[in-house]
Amino acid sequence: RFYYNNTFIGGSTMGIRFRVTGSEVADFDERSIVNAEFLSESPKDSNAKATDYGLGVKVWGRVLYNVGADSDDVLKLAKWSQIPSENADCYRVAEVTVVSAGSVVRKYVIPNAFVVEYSERADDVNGTGEFYIHIRQKKDNNAKVTVEGGYAGE
């Protein structure tokens, strides 16, 4: 597991970007994404490298209702989470990019992502909210997941 959050590291800001593409695009920048976790999971009872393993990402973010565009993208995630497995659009391309001091530390691309869990919370006092999405790669396409890093971010 690799876990990232938007914090200050050595005086520079670490940022996380999250993008989902398919029939529509949901795009989140450093202002919205709070934490991200990349998962590579083998069965707990395995004593050797298993052939039955899962790859996924968990993302926590802010819903910035007063900004407008962010809440539209969050709505797209909520709608994606409701697409049944019979519909091919339930699989989309998801990218998580971790940037520090202008360089891409990690970029995870999950080309056949589907939603495992999704939730939203709203705060009526501050006019903000939070969302959480847990996505996984379609298991028979695990080899298509890419992990990159160590290059200029912009």
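**Following the aromatic rings**

Let us begin at Phe28, a buried residue with a relative accessible area of 1%. The model you are looking at is predicted, and this phenylalanine is a good place to start exploring it.

From Phe28, turn to one of its ring partners. Phe28 and Phe131 make a tilted aromatic pair, with 5.2 Å from centre to centre and 40° between the planes. The two belong to distant parts of the chain: Phe28 is in strand E4, while Phe131 is in strand E9, which covers residues 128–137, and 103 residues separate them. Like Phe28, Phe131 is buried.

How many aromatic pairs does a search of the whole structure find? There are five. Among them is the pair of Phe18 and Phe28, whose rings are stacked, 6.0 Å centre to centre and with 20° between the planes. Phe18 lies in strand E3 (residues 12–21) and Phe28 in strand E4 (residues 26–28), so this pair ties together parts that are 10 residues apart in sequence. Is Phe18 buried or exposed? Phe18 is buried, and its relative accessible area is 0%.

Now put these pieces together. Phe18, Phe28 and Phe131 are linked into a cluster by ring pairs. As you trace the cluster in the structure, you can go from Phe18 to Phe28 through the stacked pair, and from Phe28 on to Phe131 through the tilted one.

One more ring is worth a visit before you finish. At Tyr91, the partner is a charge: the charged end of Lys138 sits over the ring of Tyr91, 5.0 Å from the ring's centre.

Methods
Residues numbered from 1 in each chain as written. Predicted model: local features only at pLDDT ≥ 70, side-chain atom pairs only at ≥ 80, totals over all residues. Heavy atoms only, no water. Phe/Tyr/Trp six-rings, centres within 6.5 Å; stacked < 30°, edge-to-face > 60°. Helix = DSSP H or I, 4+ residues; strand = E, 2+ residues; numbered from the N terminus. Buried < 20%, exposed > 50% of the residue type's maximum accessible area, 1.4 Å probe, protein only. Lys NZ or Arg CZ within 6 Å of the ring centre and 35° of its normal.
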